[in-house]
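Thanks for making the time this morning. I would like to walk through one model with you, going from a single position out to the whole chain and back again, so please have the display open.

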Amino acid sequence: MKRKIAETMLVITTVIIVSSASYAETPATEKISKSSTEGIAAHIGIGSLYGGGAGTSVEYQFLLRPNFRLTPFVSAGITFSSGSDTPMYGFGYCFGLNTEFFESHRLLTGLSFGTHEIDYETDSLGHENRLGTLIGPSMYVGYKGTARFGLLWILYGGI
C-alpha cells in the first residue's frame, strides 16, 4: 500500500488553557476575559498539530491588535499509522505559527512542520512493514472558540 503524499485532515480538538489567573484585575476592579488578553497556554489534542496523533502543545499568544494574534507553538505526542492492521506508533512533534482573527470566536490560519503519521507498505505476503515516519510541512484553516475563563476548543482542516 503506497502512502498518501497530501491527505486532507479534519480534526476536532478539545483543549484546556493553563494560565496564571482566570481573570486579570483592572484599576476599576473589572474582570477582563482571558479571551481578550495575551499569554501562554498549554493544551492537549489530536491531529497533526499535536505530533501526528495525540499529544500536548504549548503556545504563546501575542495580542498585536484587539482582534489579531500571532501564536507560535511547539508540541509533542504519539503518532500512529493510519489504515494499518498492525498497530504502529512512535514519537511525534510539531512546531509552527498560527494567525488568529477576532476575539472569542476566532478564524485560525497556520503553517507548521512536523510528524504526520507512520508510513508503511504491505509486502507480497501481506505483512505490513514500517518504512519510517512521514514528516513535513502543513497548512490549515479552522475555528478556535474561547471561553471567558480560559477553556478553548479548535476545529481545523488542512493539507
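Let me begin with one position: does Gly-83 count as buried or exposed? The model in front of you is a predicted one, and in it Gly-83 has a relative accessibility of 62%, which lies over the 50% cut-off, so Gly-83 counts as exposed. This glycine sits in the loop that links strand E6, residues 68–80, with strand E7, residues 89–101. Although their positions lie 37 residues apart along the chain, Gly-83 and Tyr-120 have C-alpha atoms separated by 9.6 Å.

Stepping back to the overall picture, the chain contains 10 strands and 0 helices, and reading along the sequence therefore gives β-β-β-β-β-β-β-β-β-β. There are 159 residues in the chain, and 40% of them count as buried. If we take the contacts between residues at least 6 apart in sequence, 53% of these join residues at least 24 apart. The exposed area of the chain comes to about 9,000 Å², with carbon and sulfur atoms supplying 67% of it.

Let me turn now to the strand pairing around E5. Strand E4, residues 39–47, runs antiparallel to E5 and is joined to it by 9 bridges, and within this pair Ile-44 stands opposite Thr-56. The two strands form a hairpin with 5 residues between them, and in that turn Gly-51 has a positive phi of about 85 degrees. On to the next pairing, where E5 and E6 are also antiparallel, joined by 10 bridges; here the hairpin has 2 residues between the strands, and Arg-65 has Phe-68 in E6 as its bridge partner.

E5 comes up again when we look at the surface. A nonpolar patch of about 790 Å² is made by Ile-40, Val-58, Tyr-60, Phe-62, Leu-64, Val-74, Phe-95, Phe-113 and Ile-135, and strand E5, residues 53–65, contributes the largest share of this patch, namely 4 residues. Another member, Phe-113, belongs to strand E8, residues 105–122, and because its relative accessible area is 33%, between the 20% and 50% cut-offs, Phe-113 is classed as partly exposed.

A second aromatic residue deserves a look, namely Phe-91, which is located in strand E7. With a relative accessibility of 61%, again over the 50% cut-off, Phe-91 counts as exposed. Setting aside neighbours within four places in sequence, Phe-91 is in contact with Ala-76, Gly-77, Thr-79 and Thr-115. Phe-91 and Gly-52, which are 39 residues apart in sequence, have a C-alpha to C-alpha distance of 8.9 Å.

As background for the interior, nonpolar side chains tend to be buried together in soluble globular proteins. Which residues, then, make up the largest nonpolar core here? That core has 9 residues in all: Leu-49, Tyr-50, Phe-73, Cys-94, Leu-108, Tyr-140, Leu-152, Ile-154 and Tyr-156. Strand E10, residues 151–158, gives the most to this core, with 3 residues. Taking Leu-108 as one example, and not counting residues up to four places away in sequence, its contacts include two other core members, Tyr-140 and Ile-154, and Leu-108 also touches Asn-98, Thr-99, Glu-100, Val-141, Gly-142 and Tyr-143.

I will stop there and take your questions.

Notes: Residues numbered from 1 in each chain as written. Predicted model: local features only at pLDDT ≥ 70, side-chain atom pairs only at ≥ 80, totals over all residues. Heavy atoms only, no water. Buried < 20%, exposed > 50% of the residue type's maximum accessible area, 1.4 Å probe, protein only. Patch = residues over 30% accessible without salt bridge, like charges linked within 9 Å, V, L, I, M, F, W, Y side chains within 5 Å. Areas by Shrake-Rupley, 256 points an atom, 1.4 Å probe, with all protein chains shown as cover. Salt bridge = Lys/Arg side-chain N within 4 Å of Asp/Glu carboxyl O. Pairing = 2+ DSSP bridges. Contact = heavy atoms within 4.5 Å. Core = buried A, V, L, I, M, F, W, Y, C linked by side-chain atoms within 4.5 Å.
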